[in-house]
Amino acid sequence: MLPTPRADIAPNTLDYENVPLVAPQGFREYDARWLFEKEINLLGVQALGLGLGTLIHELGVKPEIAVGHDYRSYSTSIKQALTTGLLTAGVKVHDIGLALSPVAYFSQFALDVPCVAMVTASHNENGWTGVKMGANRPLTFGPDEMSRLKEIVLGGEGKSRDGGGYAYVDDMRDRYIADLTDRPKLKRKLKVVAACGNGTAGAFMPDVLKATGAEIIPLDCDLDHTFPRYNPNPEDMEMLHALRDAVLEHNADVGLAFDGDGDRCGVVDNTGEEIFADKVGVMLARDLAQQHPNAKFVVDVKSTGLFLTDPVLQKLGATTDYWKTGHSYIKRRSHELGALVGFEKSGHYFFNTPIGRGYDDGCVAALAVLDMLDRAPDKSMADLKNDLPKTWGSPTMSPHCPDDKKYGVVDKVVAHYTAKFEADETLMGQKIRDVVTVNGIRLTLEDGTWGLVRASSNKPGLVVVVESPASEENLRAMFEEIDGVLSQHPEVGEYDQKL
């Protein structure tokens, strides 16, 4: 058996070569993320695989798992170490090779296996690694499963069993692309820029999108794990600005941006303006609600208030449930409520039957955007965006805050604003209309201006989002209000981006 993992082992030492290193903070609410070599070593990843296999047996599901990896210089070695642990735990591993997260989720259905482990750091910078896991398709682990997994791994409770096996699957990419491209061609002639940030999506997205009959202009789709131009993150303004320039240069109808593991999609319209994913969600909800009257949607608390106030959605009988941010939370909530689609501001979209299988897939989202344009032949992407009621919104902003401090800071911020709400105090000269504390705090003023503060689930930082249907002035005033409160906490550091 492996030694019990420790968190105090330094690289380039004897212990580092013989003892699993696993930092406890790597176990997040719904997946796992570590800085490779500094917070986890290969033996630590092997211990994670042993722990995951032990949990699979505890859950009572068939001990078979699909395992894939993203395109980073170290991801193959991470996957091999994870696989070794899973085999030791008596689990049969179906190795699907280089994959997107949605390809891994798809493979659970294609191979008829209940479990999945996708080695990816998603949009995190190089140096990070992680694993997205599930044992009940199309769902991924939530806090309960992650807490138990943490106990097993850090407590050295992983159990060796006979019965492990290995099978290499060499055609999952082809099967995934064939599944998505078995559809009618678009009637409308569209020119589309596809930006992949040199990440894994470059090996998948252009081929899927070409099959629609659209003209595809690839942008940074060659695989390069150094990410030489920008990090593949469709919320990152650097990536969106590069996409904007390409859309304008080629006079394209739309630009689509994909993150490092392909489960998110960002959009730039034909004028080169980025459309934040929650607004794209409202546009897609309008389109889909016309075909599915009284449709139900789930959105995360970072998302625009238009899902509740848009007159078109109201007329079509659409209803929306605001829920916790996080791909696992929105996926699970959409499944539980039987929602047609779940939307996250980060660009995760969860299309359920009859559109998708319930997991987040950036390519399915991209196809939905193209289908929306196809059903509106006299409208440009900018026209569809401009048809929405006007609001002023921020990107997702993340001030640094250590993992062991961030939840405490958020608790204090929640208490601060909850007290103001209960005391009927005003902000910006307005009463606080309501507060939602299902995930951090989202406070809304009388004119609909709102702000959100929550702890990031996958990085050492907070998440701040603000929006106003009234004016850009109120948008900025709300940000200054929240930033002023956060600045009182010395644990809160620099933002990754600001208004």
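**Briefing on a predicted protein chain**

N198 sits in the loop that runs between β7 (191-195) and α7 (205-210). The model is a predicted one, and N198 is a useful place to begin reading it, since this residue has a positive phi of about 65° although it is not a glycine. The notes below turn from the chain as a whole to its nonpolar cores, and then to individual residues in loops.

**Overall fold**

- The protein chain is made up of 16 helices and 21 strands in its secondary structure. Its radius of gyration is 22 Å, close to the 23 Å that the globule rule gives for 499 residues, so the chain is as compact as a globular protein of that length.
- Measured out along its principal axes, the C-alpha trace spans about 60 × 55 × 40 Å.
- Among contacts in the protein chain with a separation of 6 or more, 68% are accounted for by residues that lie 24 or more positions apart.

**Surface and charge**

- Of the 499 residues in the protein chain, 61% count as buried.
- The protein chain exposes about 18700 Å², and carbon and sulfur atoms supply 47% of that area.
- The chain carries 52 positive and 72 negative charges, and the mean positions of these two sets are 3 Å apart.

**Nonpolar cores**

- In soluble globular proteins, nonpolar side chains tend to be buried together.
- In this model the largest nonpolar core has 70 residues, and those with the most contacts inside it are L256 and F258. Helix α13 (residues 362-374) provides the largest share of this core, namely 10 residues.
- A second core, separate from the largest, consists of 35 residues, and A23, L50, L55 and L82 are included in it.

**Unusual backbone geometry**

- Most residues other than glycine have a negative phi, and most peptide bonds are trans.
- N198, with its positive phi of about 65°, has a relative accessibility of 7% and therefore counts as buried, the cut-off being under 20%.
- E37 also has a positive phi, of about 85°, although it is not a glycine. This residue is located in the loop between β1 (32-35) and α2, and at 46% relative accessibility E37 counts as partly exposed.
- R137 and P138 are joined by a cis peptide bond whose omega is about 5°, and P138 has its place in the loop between β5 (128-134) and α5 (143-154).
- A cis peptide bond also leads from T353 to P354, with omega near 10°, and P354 is found in the loop between β15 (349-351) and α13.

**The surroundings of V61**

- V61 belongs to the loop between α2 (42-59) and β2 (64-69), and with a relative accessibility of 23% this valine counts as partly exposed.
- When residues up to four places away in sequence are not counted, V61 touches I56, P114, C115 and A135.
- V61 and P395 are 334 residues apart along the chain, and their C-alpha atoms are separated by 40 Å.

Definitions and conventions: Residues numbered from 1 in each chain as written. Predicted model: local features only at pLDDT ≥ 70, side-chain atom pairs only at ≥ 80, totals over all residues. Heavy atoms only, no water. Helix = DSSP H or I, 4+ residues; strand = E, 2+ residues; numbered from the N terminus. Rg over C-alpha atoms; globule rule 2.2 N^0.38 Å. Buried < 20%, exposed > 50% of the residue type's maximum accessible area, 1.4 Å probe, protein only. Contact = heavy atoms within 4.5 Å. Areas by Shrake-Rupley, 256 points an atom, 1.4 Å probe, with all protein chains shown as cover. Lys, Arg positive; Asp, Glu negative; His and termini not counted. Charge placed at Lys NZ, Arg CZ, Asp CG, Glu CD. Core = buried A, V, L, I, M, F, W, Y, C linked by side-chain atoms within 4.5 Å.
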